[in-house]
Amino acid sequence: MKYATYIKKIEIDALWSGKKHIVWTLDPHVNVLSGINGVGKSTILNKVVKSVNTNGDVTNHLLKGVHLLMEPEDASHIRYDIIRSLDSPVLDLETMSHVDARITSALDFQLYHLQRKYLDYQVNIGNRIIAELQQGNTDAAQQLSQPKKRFQDIVDELFAETGKKIVRTENEIRFSQIGETLVPYQLSSGEKQMLAILLTVLVEDGQPHVLFMDEPEVSLHIEWQKRLIDLVLELNPNVQIILTTHSPAVIMSGWMDKVTEVNDIEVNG
């Protein structure tokens, strides 16, 4: 199984029923797709995500009419995640109540799964730290613990205005706020969205990874929008970001040259 480091090019045959084709050459790190409502930003993103199965297999499961060029070109799999903007209600509340009664939305359910991944991540890191310490590699052990600590520091900093801090003695993510303990499902929509994005990036453990984000700014404070790309890259320098947005704030911190208009990647068939 050979994993790709990033997607080099996306080609989509006849995006709509007409003759428009999409040819988009990508940057290894940051790609922002822009355009007016209804022009096809989310459709492009969704077609690419649907073309890769849940195991990240890109050899046999590409959606008809979607072609991905990978780096390296003989890669068979790609690690990826998708962050969506709309926090829709969970349709089957009865089933969700057996998982966790506090889950009422799709974003809550995503956070539930991320909590499980976060626990696995900590076990993995803990085992590697022990192995390094047993070999006397104190510096290497400390370095392994840095991403988790930086994640916690970032979240504390972002949530400081509302007085929320991560409880660092807990393995699962919990917050303290004026003497009360909160679970992630009790956060605001914007806080849940930012937590989900940062957790998704952290638990990939620094591996090459594609992060698709469909209008992630919808629930985010404008200051968080400005920092979004930088924070994602800080937590994992090996991530490739592919996002759609309407917000100028998302690209204000030096990412203007990474913006592609949908019209610029349309090719007449």
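Strands are runs of at least two residues that DSSP assigns as E, and they are numbered from the N terminus. In this predicted model, one such strand is β8, which spans residues 180-182 and contains Glu180. Glu180 is partly exposed, as its relative accessible area is 46%. The C-alpha atoms of Glu180 and Lys164 lie 9.5 Å apart in space, while the two residues are separated by 16 places in sequence.

The chain as a whole can be introduced with a few totals. Its secondary structure consists of 6 helices and 12 strands. Of its 269 residues, 47% are buried. Contacts also reach across the sequence: among those between residues at least 6 apart, 67% join residues at least 24 apart.

A good place to begin inside the protein is the largest nonpolar core. This core has 51 residues, and the members that touch the most others are Phe151, Phe175, Leu195, Leu198, Ile229 and Ile241. Two or more residues come from each of β3 (30-34), α3 (106-134), α4, α5, β9 (209-214), α6 and β10 (239-244). Another core lies apart from it, with 26 residues that include Ile10, Val48, Val49 and Val262.

Two members of the largest core give a closer view. Leaving out residues up to four places away in sequence, Phe151 touches Tyr118, Ile166, Ile173, Leu195, Leu198, Leu199, Leu202 and Leu235. Leu195 sits in helix α5 and is buried, because its relative accessibility is 0%. Beyond its neighbours within four places in sequence, Leu195 has contacts with Leu111, Phe151, Val155, Ile173, Phe175, Pro184 and Leu187. Leu195 and Leu158 are 37 residues apart in sequence, yet 9.8 Å separates their C-alpha atoms.

Leu158 appears again at the second largest pocket, which holds about 240 Å³ of space. The pocket is lined by 13 residues, and those closest to its centre are Leu158, Phe159, Glu161, His221 and Trp224. Helices α4 (138-158), α5 (189-202) and α6 (222-235) each supply two or more lining residues, and α6 has the largest share, with 3 residues. Sorted by class, the lining is made up of 4 nonpolar, 4 polar and 5 charged residues.

Helix α1 shows how burial can follow the geometry of a helix. In α1, which covers residues 41-51, Lys41, Ile44, Leu45, Val48, Val49 and Ser51 are buried. These residues lie on the same side of α1, because they cover an arc of only 165 degrees around the axis. The general pattern is that an α-helix has 3.6 residues a turn, so residues three or four places apart point the same way.

Finally, some details of the backbone deserve a look. Most residues other than glycine have a negative phi, and most peptide bonds are trans. Against that background, the peptide bond from Glu71 to Pro72 is cis, with omega near 0 degrees. Pro72 belongs to the loop between β4 (66-71) and β5 (80-84). Ile178, although not a glycine, has a positive phi near 50 degrees, and its place is the loop between β7 (175-177) and β8. Glu215 is likewise not a glycine and has a positive phi of about 50 degrees; this residue lies in the loop between β9 and α6. Are these loop residues buried or exposed? Ile178 counts as exposed, because its relative accessibility is 82%, whereas Glu215 counts as buried at 17%.

How values were computed: Residues numbered from 1 in each chain as written. Predicted model: local features only at pLDDT ≥ 70, side-chain atom pairs only at ≥ 80, totals over all residues. Heavy atoms only, no water. 1 Å grid on protein atoms, 1.4 Å probe; cavity = no way out; pocket = protein on both sides within 12 Å on 5 of 7 lines; lining within 4 Å. Points joined across faces, edges and corners; volume = space filled by probe spheres on them. Helix = DSSP H or I, 4+ residues; strand = E, 2+ residues; numbered from the N terminus. Nonpolar A, V, L, I, M, F, W, Y, C, P; charged D, E, K, R; others polar. Buried < 20%, exposed > 50% of the residue type's maximum accessible area, 1.4 Å probe, protein only. Arc of directions from axis to C-beta. Core = buried A, V, L, I, M, F, W, Y, C linked by side-chain atoms within 4.5 Å. Contact = heavy atoms within 4.5 Å.
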